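Q: Please take a close look at one chain of this assembly, chain C, and describe how its parts meet one another and how the chain meets its neighbour. For context, please add what can be said of the remaining contacts.

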Amino acid sequence: MTTKILALRNVVRNPITALLKQPNIQNNGQNNLIQFSTSPLVYVNFFNKLPAEKLWKSVTSVSNAGAKKGRGKGAGRIRIRDLNRGQIIGVGKINMLWPGLSAPVIRGRELLKQQRLPDDPERMEKLIKLRDSMTRFRRLKLSPIERGWSGARMPGRSLGPPDPVADEEFVGFDTKVLQLRPLLIMKGTLGRTRNFQAMVVTGNGQGLAGFGIGKAKEAQAALRKAKNRAGKKLMHFDIYKNHTVYHDFFTAFGKTKIYVQKKNEGYGLMVHRAIKEICQAIGIKDLRAKVEGPSNLQHIVKAFFIGLLQQRTHQQLAEEKKLHLVEYRAENEYYPTVVASPSTVRTKEEIPKDETLDFKQYVMNDKVILQKKKFPRFYETMPHYELFLKKYEKYRNHEKIRLDLKVEYGEVKSFLNDKYPEEKNEQEA
Amino acid sequence: MPVPPASGTGRYYALAAKSIRLIRQGCTNRPFFHISVTQRKRLNSQPVIEQLGSYDPMPNMNNEKLVALNLERLKFWLGQGAHVTPPVAELLGLSGFFPIHPRSYMTAWRNRRAEKERLEKEETAQSTS
Amino acid sequence: MSLLKFARNNTKHVFNMHNDTQAIFISSRKLSLVPSFYDQENPAPKFFSSGVQTLLKRLTRPDFAKVFRKRANTNYPVLKTPIYKFLTDEELNVERENANKSADRLLQMPPAVKVNEPTNDVLSKDPALVGYDNSTYMFTDITFGIDNAHRIIVQRSPDGTLQSCDYETRKRLNQIYFPMQGRKLREPKVFSETEKFNSLLDREQYEYILDRACVQYEPDERKYQELTSITYQHLDMHSKFNLLRSTRHFGPMAFYLTWHKSIDRLMLELIQNGTVREAVLLVALRQAIHADLTNEDTCNTLVSQILPRPIQQTKPDVLSEEDIALDTKCTECVDTYINTNSTMKSQQALALQGFREYYQQMVDISRGLKKAHGNV
């Protein structure tokens, strides 16, 4: 439509076609015959021969093969601008009041007439400025709540609950994208074809969660497939007091290893960002996990899920061991609370000599985590450090003293200062 | 050890000459002394053998000067033959552990005389004016 | 005049008997409480006697959930991960014993002792030292291993006299050189300003006040006894005994009330809650301290029967015949006490009657259940 208007405008702009009268023609031997000459009428000129799309394409065109190879996408490429932006019908270079078009016909009691309004000299400049601003590449701005792991990219962003199945809706479920990547494969007939692969985790924060992988030609379609697949593959996990796992564990998938440690309330999730999304989906709030080996995201996710499924509740552990499971908490003065008791309890004599009785060791399947040695900080071994400490002794406690004085007197002063007041008081006086 | 502890290293030569003296700590315009036993030839900035107490020469809010003395260890080092410098001897005399140092009597007498002279001067100044 | 007013007037009278130096001031709006001290007779021998100690411990009814609860004023800035262990039965019993010991430590009662007398003795007089300095020299002995109470702290004043310091200065200097965590050098405003103190009392923060007072003062100080006595009286007046149960302060509070013979509200509360056995223990405590009750023999025999049994935190569902027999004897004992020595007779009698009816119901239920189960 805009292209047609553009064409029309150019035609309308020059409504007058002239029969060009050529004065003073060279009279070469002929009598006073009135000579007429016709020149081609320019209703359609070069600029309104084609619609705007085609015009722009001619300037920015890249061949089909070139487009497939990714040409014409660099920093220097010209961007298509819509020249109609900033212009209204009825307003042009000559500022006229058109009743019926840009102004009402009757204003109050008055019948408006066509009249010429004062010119706006800056019109062209304004248009140019607008058109320049259109060329910048607009970054998709997301609020921090919507934002994922990085920028406007999908991983880390929420998708909403999976689509309802039959009559069942996924109430309280939220999905998070873990991975969205394009894959290229060579097909016999098509050549290079691009596919999107999406990995998504979905959960309701109450112990139900699942992950799904989907592939499609378009990113959105792949995400949708993954989301629905995740919704179909939900698993239930036991959570200890709604905030953490039951015990430490070690899992691996392929060469990716994860060491997971149970933590107390308020610790937070000190985990890989993918595991964090999974924990939030399940409802785990405090955990510490260390990923070792290759950090292939799909392996991490699968390893973590395997580990969670292989968890044993306290009651199960007690039954396996046939011993009481007792919990000691520092904030309760290490009072022994029996968390789980088996149906029959073994006595000391019944326990074989080499059995692992240490809870952590048993739960990690006799794996022991290396406690790394703490080495001195880089500055402590430098030559000047001793001298610095000796000098620092003088004012090491001054910060605390200042705080104490502020608490006691409201400012940094003491009864000694009152004996000999400083210049500030003199100024005030 | 990077910074030797002000409470003393505990290392000493058994036959060296030792003395119990005041080691000035604290900052500019704010002295604070540690009463410690060191080898006599050592400077005040070098590590001491053991700290036996402290003395704060600036009076506190209740107009008191606080002195702490570790009497048991003091007796030990005196037994080992450590000398005592005059300022420390004065303090110990005031506390009652030692007999009162003659210097304390002297400074008291001098202060009293100076005070008396000052009062007399004031009186004469007042009477003349 | 109603019986209630009569009773209230009588309790005021009871307080006055032991405070011969204090005047009564009671305004129409707020009842201001009069502090009382242990300054006539020394309560220490009676407080530390094993009989009284066991009775007080039983009366506190220690509930481990409250004793070992999460507190805000500990040294842990951050929570730590819980530790898990596999234990056999014997090991579990050993752990429970250790837990009992630490509970005992947490429930260690601040003692009730006589108020201390001010001491002053001059060691030497040296007028020749006049003019040496304008400030006093304070000498503290920082020898390792001496008790704070036995530390040598002397002062040389500007007029030359060497004397040992009084209690306040001794406490201050001990705090400077050997600070106790929680104790402040300057007296906290909570204790010095009555407004702040009263606002805490109105908010029922009895445990907080008593904990802080325990840290700040020694039990033989006048100020400590003043603060604790006001707190106990306020608590007694509003009958908020449950706030102090399972803490270390219930024992001294019960001792204080019994010492001043004002255990009636506590007795009432015990009967109303149906813990007749503890009421009997309270009677026995009264007997142990004052030895002026009539039914002492029955009391003591009952106590010896009650003490071996475990503490009842919640009301039992099924009663055995022994329990029933014991409880009936207890109610009789309490009845005699109410009739002879109590001042809130009517209320307590009413409460006891209510308890008797409730107890009869329980007895019927349990006997019926036993019959139904076939255990005659």
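A: The account below begins inside chain C, moves to its interface with chain B, and ends with chains B and A.

The model is predicted. In the domain assignment, chain C has domain 1 (1-72 + 89-112 + 193-211 + 221-260), domain 2 (122-165) and domain 3 (262-376).

Within the chain, 26 residues of domain 1 of chain C are in contact with 28 residues of domain 3 of chain C. Together, domain 1 and domain 3 of chain C bury about 2,600 Å² between them, and 63% of that area is on carbon and sulfur atoms. On the side of domain 1 of chain C, the residues that lose the most area to domain 3 of chain C are Arg58(C), Arg61(C) and Thr258(C), which together account for 28% of what that side buries.

Charged pairing also occurs here: the rule finds 3 salt bridges across the interface of domain 1 and domain 3 of chain C. Arg61(C) forms a salt bridge with Glu278(C), with the closest N and O atoms 2.8 Å apart. Between domain 1 and domain 3 of chain C, 8 residue pairs are in polar contact, with both residues at pLDDT 80 or more. Turning to secondary structure, helix H1 (3-18), helix H3 (50-60), helix H10 (222-238) and helix H11 (250-259) of chain C are the elements that give two or more residues to the side of domain 1 of chain C that touches domain 3 of chain C. H11(C) gives the most to that side, with 6 residues. By class, the side of domain 1 of chain C that touches domain 3 of chain C has 16 nonpolar, 4 polar and 6 charged residues.

The interface with chain B comes next. Here the contact takes 27 residues from chain C and 30 residues from chain B. Chain C and chain B bury about 2,300 Å² between them, 56% of which is on carbon and sulfur atoms. Three aromatic residues, Tyr132(C), Tyr137(C) and Phe139(C), lose the most area to chain B in chain C, together 25% of what that side buries.

Across the interface of chain C and chain B, the rule finds 2 salt bridges. In one salt bridge, the side chains of Lys65(B) and Asp133(C) meet at 2.6 Å, N to O. The interface of chain C and chain B also has 18 residue pairs in polar contact, both residues being at pLDDT 80 or more. Strand S3 (136-141), strand S4 (153-156) and helix H6 (167-177) of chain C each supply at least two residues of the side that touches chain B. The largest share of that side, 6 residues, comes from S3(C). Sorted by class, the side of chain C that touches chain B has 15 nonpolar, 7 polar and 5 charged residues.

Chain B itself is assigned domain 1 (1-98) and domain 2 (101-129). The centres of domain 1 and domain 2 of chain B, taken over C-alpha atoms, are separated by 33 Å. Chain B also meets chain A, where 9 residues of chain B are in contact with 9 residues of chain A. Chain B and chain A bury about 700 Å² between them, 78% of it on carbon and sulfur atoms. The count between chain B and chain A is 0 salt bridges, and the count of residue pairs in polar contact, both at pLDDT 80 or more, is 0. The side of chain B that touches chain A has 7 nonpolar, 2 polar and no charged residues.

Conventions:
Residues are numbered from 1 along each chain as its sequence is written. Chains are lettered from A and ligands numbered from 1 in the order in which they are written. This is a predicted model: local features need pLDDT of at least 70, side-chain atom pairs count only at pLDDT 80 or more; totals for chains, interfaces and linings use all residues. Side-chain values use heavy atoms; hydrogens and water are left out. Domain bounds come from an automatic or database domain assignment. Contact means heavy atoms within 4.5 Å. Buried area is the accessible area (1.4 Å probe) that two parts lose on being put together, summed over both. A salt bridge is a side-chain nitrogen of Lys or Arg within 4 Å of a carboxyl oxygen of Asp or Glu. A polar contact is a pair of N or O atoms within 3.5 Å; within protein, one must be able to donate a hydrogen and the other to accept it, and residues adjacent in sequence count only if both atoms are side-chain atoms. Helices (H or I, at least four residues) and strands (E, at least two) are DSSP runs, numbered from the N terminus. Ala, Val, Leu, Ile, Met, Phe, Trp, Tyr, Cys and Pro count as nonpolar, Asp, Glu, Lys and Arg as charged, and the others, Gly among them, as polar.
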